[in-house]
Amino acid sequence: MGKIMTFTGPRPVRLYGYNDDANYAKLCEKIAEQITSYANEGFDTFITGGAQGADQLIAQAVESVKFSRPNIKSIIYVPMENQSAPWSTYGRFGKTEYNAILSMADEVRILSPAPKDKHQAIKLLRARNEKMLEDADELTVILPPNISKEQIAFMHKGGTASCYRTALAAKMPVRFIQA
């Protein structure tokens, strides 16, 4: 059995918004190149959280690499039922794109029922990140365009920074891809 890489990264607001197809295409290609490199190192399973932004780009990149590396596997850890309920139906990172990504994954793990409120939803997102880390050998952090790996650990808000700090505390190897 090969090694498992999990990923974390920002939502669209910290990347390129919802309409910058050119920059998203470049980032997706960069992620795919890194996944190919990881496969050369013995990684065969790639986990992402399916959220809008980096998570969905990672899932798309894994699917593109599968054409040349059919032995790799993608798993999406969905933190809660109806994760996409507040999202737009169409467009980049919309429900339609999300459902297509879920249908291409080798495995989808829905970790919890729908939350009762926003506070519970945030807890479920953090629990999802912890489960992804627990099941992986290493973490890759997709960094926002103007944030360095030194800066990410000191950000007080956001799942990407929280996931990164959790990995550091667990002494998990961490790699980076700069958006």
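**Helix packing and sheet architecture in a predicted model**

**View 1. Helices H4 and H6 make a right-handed crossing.** In this predicted model, the axes of helix H4 (residues 118-134) and helix H6 (residues 159-169) come within 10 Å and cross at roughly 40°. An angle from 35 to 65 degrees falls outside the parallel and perpendicular classes, and H4 and H6 are therefore oblique to each other. On the H4 side, the contact is formed by Arg126, Asn129 and Leu133. H6 contributes Gly159, Ser162, Cys163, Thr166 and Ala167. Sorted by class, the residues of this contact are three nonpolar, four polar and one charged.

**View 2. Helix H1 packs on helix H2.** Helix H1 (residues 21-40) meets H2 at an angle of about 55°, and the two axes lie 8 Å apart. This angle makes H1 oblique to H2. The crossing of H1 and H2 is right-handed. From H1, the residues in contact are Tyr24, Leu27, Cys28, Ile31, Ala32, Ile35 and Thr36. Their partners in H2 are Leu57, Ile58, Gln60, Ala61, Val62, Ser64 and Val65. The contact of H1 with H2 comprises eleven nonpolar and three polar residues, with no charged residues.

**View 3. Helix H2 packs on helix H3.** Helix H2 (residues 54-65) and helix H3 (residues 95-104) have axes 10 Å apart and an angle of about 45° between them. H2 is thereby oblique to H3. The crossing in which H2 passes H3 is left-handed. Gln56, Ala59, Gln60 and Glu63 represent H2 in this contact, and Glu97, Tyr98, Ile101 and Met104 represent H3. By class, four residues of the contact are nonpolar, two are polar and two are charged. Gln60 of H2 takes part here and also in the contact of H2 with H1.

**View 4. Six strands form an open sheet with parallel pairing.** The strand order is E4-E3-E2-E1-E5-E6. Strand E4 (107-110) and strand E6 (174-178) are the edge strands, each pairing on one side only. Neighbouring strands are turned against each other by 25° on average, direction ignored. Within the sheet, strand E1 (residues 3-8) and strand E2 (residues 43-48) pair in the parallel sense over four bridges. Ile4 stands opposite Thr45 in E2. In general, the strands of a sheet pair through backbone hydrogen bonds, in either a parallel or an antiparallel manner.

**View 5. Helices H2 and H3 lie across strands of the sheet.** H2 lies across E1, E2, strand E3 (73-78) and strand E5 (138-143). The direction of H2 is at about 150° to E2. H3 lies across E3 and E4 and runs at about 130° to E3. Strand E3 is thus among the strands crossed by H2 and also by H3.

**View 6. The whole chain contains six helices and six strands.** From the N terminus on, these elements follow the order β-α-β-α-β-α-β-α-β-α-α-β. The radius of gyration of the chain is 15 Å, close to the 16 Å that the globule rule gives for 179 residues, so the chain is as compact as a globular protein of that length. Along its principal axes, the C-alpha trace spans about 40 × 35 × 35 Å.

Methods:
Residues numbered from 1 in each chain as written. Predicted model: local features only at pLDDT ≥ 70, side-chain atom pairs only at ≥ 80, totals over all residues. Heavy atoms only, no water. Axes fitted to C-alpha atoms, helices over the stretch in contact; angles between N-to-C directions. Helix = DSSP H or I, 4+ residues; strand = E, 2+ residues; numbered from the N terminus. Parallel < 35°, antiparallel > 145°, perpendicular 65-115°, else oblique. Left-handed = near helix turned anticlockwise from the far one by under 90°. Contact = heavy atoms within 4.5 Å. Nonpolar A, V, L, I, M, F, W, Y, C, P; charged D, E, K, R; others polar. Pairing = 2+ DSSP bridges. Rg over C-alpha atoms; globule rule 2.2 N^0.38 Å.
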